[in-house]
Amino acid sequence: MLPRLGTVNLCLRPALRAAKPSFLPVVQTASLSQREKKRKAKQDPYKWAQAQQRKNAHLKRREELQKHRDEEWGDPVLGKTTPFLESLDTAGQASLSEVTRDASGEPLETPHALPTTPGLRNHFLTDAELNEAVKHAYALGRPVQGRIEAHYSLGAEKDGDRKAKTYEEKHAIAVEALRRITSLQNSSAKDRFHANIRRIVDEFGRHKTDKFLTPKPQSIHPNTVPMPGRAGPDTGSSEVQIAILTAKIRTLHNALQTNRGYKDKHNKRNLRLLVHRRQKLLAYMERKERGSGRWTNMIEKLGLTQATWKEQITL
């Protein structure tokens, strides 16, 4: 090998000191390109097929893991669909879920059971209250025949039977009208929302959940001051407020998905406000009640995931 070019002196005048020759060989290193790697790998078809098989298996597993992570993370607005959330659409009056049907009306999937609230009616009434009111109205409007009238009038007994029969028919028509007016199946979205609030209070209110759910562990320095008892149903705890906000978010999201809802900027802003308000309550609830029965019960029934309260939510 020739010495390096630095030893060649092109100056005509003599050098002051002679350059030291280098006796090390010239080594050139270069990385192989991807094309060269593939060419070398294809020289052995069996080895190339094994490499491709391993690569495809890794890519498939990566897709499965990413899909599982996305499902666990959930949607920041709707979370996961649960039977309790589906029952909010009918205010707990439908016992089976709605399924998609083909052109002939045959169901394409099997419906599943939904939690129901029997005895709940519109206008803040229940079946027991309606039956009591009907019984009281029947007693007030029933025709009564006096003793003197029955004694002196001819055919009073037949006349009294005719009046009683007519009254029974009119009363039955009035009762059927009341049942249709107070039925939640004929109610508006606002009436169903008020009925869902009553269901949520009964489902998540601490006046009932304290009886069967495990509370969070007590702190090192528990509060020894006795707290006053509840005056009525619990309507202000965090889980009740979160459930009410979830019902509002579901209703508003479904409204924006129909017709020309994508242009409704006002309600889009309202949806963002509701989602962020729920996010704050969920973050507070996680700090205070994480690991307790209240937290687990709320997360499972409302289908809330980490996407509903962690990181930044943009819609």
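Let me start with the patch of positive charge on the surface, where Lys265, Lys268, Arg269 and Arg272 gather. Please keep in mind throughout that what we are looking at is a predicted model. One of the members of this patch, lysine 265, lies in helix α10, which covers residues 265-289, and because its relative accessible area is 68%, over the 50% cut-off, lysine 265 counts as exposed.

Now let me step back to the whole chain. There are 11 helices and two strands, and if you follow the elements from the N terminus, the order is α-α-α-β-β-α-α-α-α-α-α-α-α. The chain has 315 residues, and 24% of them are buried. Its accessible surface comes to about 24100 Å², and carbon and sulfur atoms account for 55% of that area. As for the contacts with a separation of 6 or more, 69% of them join residues that are 24 or more positions apart in the chain.

Next, the salt bridges, of which the structure holds 13. Which residue forms a salt bridge with lysine 301? The partner is glutamate 203, and the closest N and O atoms of this pair are 2.1 Å apart. This pair links distant parts of the chain, since lysine 301 belongs to helix α11 and glutamate 203 to helix α7, residues 189-204, with their positions 98 residues apart. Lysine 301 is partly exposed at 28% relative accessibility, and glutamate 203 is partly exposed as well, at 26%.

A second pair is aspartate 202 with lysine 208, whose closest N and O atoms are 3.9 Å apart. Here aspartate 202 has a relative accessible area of 40% and is partly exposed, and lysine 208, at 37%, is also partly exposed.

In a third pair, aspartate 127 and arginine 121, the closest N and O atoms are 2.9 Å apart. Aspartate 127 is partly exposed at 27% relative accessibility, whereas arginine 121, with a relative accessible area of 11%, falls under the 20% cut-off and is therefore buried. Beyond these pairs, there is also a network of salt bridges that links Arg206, Asp210, Glu239, Glu289 and Arg294.

Finally, let me return to helix α11, which spans residues 293-302 and includes asparagine 297. Is asparagine 297 buried or exposed? It counts as buried, because its relative accessibility is 12%, which is under 20%. If we leave aside the neighbours within four places in sequence, asparagine 297 is in contact with Phe204 and Leu213.

Conventions:
Residues are numbered from 1 along each chain as its sequence is written. This is a predicted model: local features need pLDDT of at least 70, side-chain atom pairs count only at pLDDT 80 or more; totals for chains, interfaces and linings use all residues. Side-chain values use heavy atoms; hydrogens and water are left out. Helices (H or I, at least four residues) and strands (E, at least two) are DSSP runs, numbered from the N terminus. Buried means under 20% relative accessible area, exposed over 50%, partly exposed in between (1.4 Å probe, protein chains only). Contact means heavy atoms within 4.5 Å. Patches are made of residues with over 30% relative accessible area and no salt bridge: like charges are joined within 9 Å, nonpolar side chains (Val, Leu, Ile, Met, Phe, Trp, Tyr) within 5 Å. Accessible areas come from the Shrake-Rupley method with a 1.4 Å probe; for residues, only the protein chains shown count as cover. A salt bridge is a side-chain nitrogen of Lys or Arg within 4 Å of a carboxyl oxygen of Asp or Glu. Lys and Arg count as positive and Asp and Glu as negative; His and the chain ends are not counted. The place of a charge is taken as NZ of Lys, CZ of Arg, CG of Asp or CD of Glu.
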